Amino acid sequence: MIETWNTLSNEELEGLIPYATERQEQIIKSRIKHKHLKECALDLGISEREVRRSIQRVKKTAANHGYIPSLELVRPSPSESGLKMTGASIYRDGIWHKF
């Protein structure tokens, strides 16, 4: 199953905030506040597409730091280590997931 923007729980969205820019943080907080994506977009004065893209960019940044809650990888690597996660594979439920 491919994870999409609407499968994230509010808890998972809150976990993305440390990896977000100031504007992305506003978008995430608005997404948590509003039940529907359309309401979130109207509140911020942007398109629904931009809301989805912004959250996807934050998810990618978080994944590069080792934070992938959908795969139960929620122990981010310390940024001072100088290491950057450029790709990951995990075997789960009989399927290889690549990032």
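A helix axis here is a line fitted to C-alpha atoms over the stretch in contact, and angles run from 0 to 180 degrees between N-to-C directions. Keep that in mind for the helix pair on this tour, and remember that what you have open is a predicted model.

**Stop 1: the whole chain.** Start with everything selected and colour by secondary structure. You should find four helices and two strands. Walk along from the N terminus and the elements come up in the order α-α-α-α-β-β.

**Stop 2: the surface.** Now switch on the surface. The protein's accessible surface is about 6900 Å², and carbon and sulfur atoms account for 51% of that. Of the 99 residues, 30% are buried. If you like contact maps, try one here: take the contacts between residues at least 6 apart in sequence, and 39% of them join residues at least 24 apart.

**Stop 3: two helices.** Go back to cartoon and select residues 22–33, which is helix α2, along with residues 48–64, which is helix α4. Their axes come within 10 Å and cross at roughly 115 degrees. Angles of 65 to 115 degrees count as roughly perpendicular, so that is the label for α2 against α4. As for handedness, the α2 and α4 crossing is left-handed.

**Stop 4: the side chains where they meet.** Show sticks for Gln24, Ile27, Ile28 and Arg31 on the α2 side. Then add Val51, Ser54, Ile55, Arg57 and Val58 from α4, the residues they meet. Colour this set by class and the α2–α4 contact splits into five nonpolar, two polar and two charged residues.

Methods: Residues are numbered from 1 along each chain as its sequence is written. This is a predicted model: local features need pLDDT of at least 70, side-chain atom pairs count only at pLDDT 80 or more; totals for chains, interfaces and linings use all residues. Side-chain values use heavy atoms; hydrogens and water are left out. Angles under 35 degrees count as roughly parallel, over 145 as roughly antiparallel, 65 to 115 as roughly perpendicular and the rest as oblique. A crossing is left-handed if the near helix is turned anticlockwise from the far one by less than a right angle, and right-handed if clockwise. Contact means heavy atoms within 4.5 Å. Ala, Val, Leu, Ile, Met, Phe, Trp, Tyr, Cys and Pro count as nonpolar, Asp, Glu, Lys and Arg as charged, and the others, Gly among them, as polar. Buried means under 20% relative accessible area, exposed over 50%, partly exposed in between (1.4 Å probe, protein chains only). Accessible areas come from the Shrake-Rupley method with a 1.4 Å probe; for residues, only the protein chains shown count as cover.
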